[in-house]
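Colleague: Could you take me on a close look at one part of this model, and then show me how that part fits into its surroundings? I would be glad of the cut-offs along the way.

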Amino acid sequence: MIPPIANHFVAGESPATALEHVRRLNDRDVKAILNLLGEHYDDRDAAAADAAEYRRLVDDIANSSLEACISVKPSQLGLDLGEDVFRETLAGVVDAAADRDVFVWIDMEDHTTTDATLDAYEELARAHEGGVGVCVQANLKRTREDVERLADVPGKVRFVKGAYDEPADIAYRDADRVDREYEALLEYAFEHYDGGIAVGSHDPAMIDHAIDCHETHGTDFEIQMLMGVREDAQNELAAEYSVYQYVPYGDRWKSYFYRRMTERTANVRFALRALLDR
Ligand code: FAD
């Protein structure tokens with residue numbers, strides 16, 4: 001059982017509690033991206049077990065009337081064990097999801113994984129027209145080229161600022177510079193992509209910029225935010241736009257929760273206020 005405060009950011013330990021959370025979200029017109037917490041496995045059994053749980057989750061989603069998709073991490077599906085292990089495990093999940101018409105996102109981890117992740121995405125997205133998406137990070141200098149490369153791939157692209165502490169020779173480390181890069185990437189995508197743009201940010205300035213780009217170019221997009229972060233804004237935006245909440249669940253919740261608490265005092269304040277309001 002996940003304790004108070006943590007349960008604002010993580011939707012329980014079991015798929016059943018996570019799906020119950022999705023049901024409540026859908027009632028507010030917010031859709032869900034389910035993520036089973038887990039990363040950096042160094043044995044095949046752990047990667048295979050999470051892949052099997054994702055396949056069961058895909059069935060649960062398909063057998064329900066819920067508006068939900070899934071998001072997987074490359075190192076959760078075996079990338080630390082080798083690109084071949086990752087490709088095979090990911091393909092098993094994506095094939096099962098495609099059979100049940102459930103969308104699969106691939107999260108992006110640190111820069112050492114970018115090529116393997118984009119290559120796997122491109123191959124699967126071409127094989128399953130429209131059923132797969134990948135995340136790109138505005139803090140990496142290479143991302144402009146990647147975003148151009150992905151323009152004609154039939155899938156979705158989630159734009160984020162980047163969560164990993166990357167070296168200065170390959171990444172922008174200044175927050176304002178990352179924001180400018182993020183805006184430039186959105187401008188490119190809204191002009192050149194045929195839809196499939198996901199704005200993965202809580203930043204009101206980035207979301208406003210995406211809305212401006214949408215109004216200029218008419219390109220379809222969706223907004224994605226994390227469970228427990230700016231949920232009022234998620235509900236408000238959902239009245240007009242397609243909004244997805246990224247919903248982590250599972251028994252490996254401690255490190256995820258710790259990251260949320262350390263990255264922002266706003267998260268700590270919000271969580272404490274929620275606890276005091278009980
Ligand atoms: P920030 O730059 O952190 O903050 C900008 C402004 O946003 C703040 O000034 C404030 O106004 C508002 N804001 C931000 N956080 C809060 C808060 N907690 N409470 C209130 N206001 C807030 N990163 C990866 O590297 N790989 C991934 O695969 C990945 N997937 C993601 C999926 C989703 C759906 C989301 C939302 C993020 C993902 N990220 C991923 C994380 C991302 O890279 C950023 O680290 C993270 O989103 C913080 O950047 P930001 O754009 O939200 O806003």
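Modeller: Happy to; what follows starts at one strand and works outwards.

A word on the basis first: this is a predicted model, in which local features need pLDDT of at least 70 and side-chain atom pairs count only at pLDDT 80 or more, while totals for chains, interfaces and linings use all residues. Residues are numbered from 1 along each chain as its sequence is written, and side-chain values use heavy atoms, with hydrogens and water left out.

Let us begin with strand β5, residues 156-160. Helices (H or I, at least four residues) and strands (E, at least two) are DSSP runs, numbered from the N terminus. Four of the five residues of β5 are buried, so the strand is largely enclosed by the rest of the structure. Buried here means under 20% relative accessible area, exposed over 50%, and partly exposed in between, with a 1.4 Å probe and protein chains only.

On one side, β5 runs parallel to strand β4 (residues 132-137), and five bridges join them; two strands pair if DSSP finds at least two bridges between them. Arg158 of β5 is the bridge partner of Cys135. Between these two strands the chain passes through helix α5 (residues 143-149), in a right-handed β-α-β crossover. Right-handed means that, with the strands pointing away from the viewer, the path from the first strand over the helix to the second runs clockwise.

β5 also pairs with strand β6 (residues 197-200), again in the parallel sense, over three bridges. Here Val157 has Ile197 of β6 as its bridge partner. Helix α6 (residues 175-192) carries the chain from β5 to β6, and this β-α-β crossover is right-handed too.

Stepping back, β5 belongs to a closed barrel of eight strands, β1-β2-β3-β4-β5-β6-β7-β8, with parallel pairing. From one strand to the next the twist averages 25°. Axes are lines fitted to C-alpha atoms, for helices over the stretch in contact, and angles run from 0 to 180 degrees between N-to-C directions. Elsewhere in the barrel, β1 (residues 31-36) and β2 (residues 68-72) are parallel partners over three bridges, and Leu34 stands opposite Ile70 in β2. Helix α2 (residues 44-62) packs on the sheet there, touching β1, β2 and β8 (242-249), and its direction makes about 170° with that of β2. Contact means heavy atoms within 4.5 Å.

Next to consider is helix α4 (residues 114-127). Its buried residues, including Leu118, Tyr121 and Leu124, pack against α3 (83-99), β3 (104-106), β4, α5 and β5. The expected span of a helix is 1.5 Å times one less than its number of residues; for the 14 residues of α4 that gives 20 Å, and the end C-alpha atoms are 20 Å apart, which agrees.

The nonpolar core brings these regions into one picture. Such a core is a set of buried Ala, Val, Leu, Ile, Met, Phe, Trp, Tyr and Cys residues joined through side-chain atoms within 4.5 Å. The largest one has 72 residues, and those touching the most other members are Leu34, Ile70, Leu90, Leu150, Phe159 and Phe221. Apart from it lies another core, of 19 residues, among them Leu37, Cys69, Tyr244 and Tyr256.
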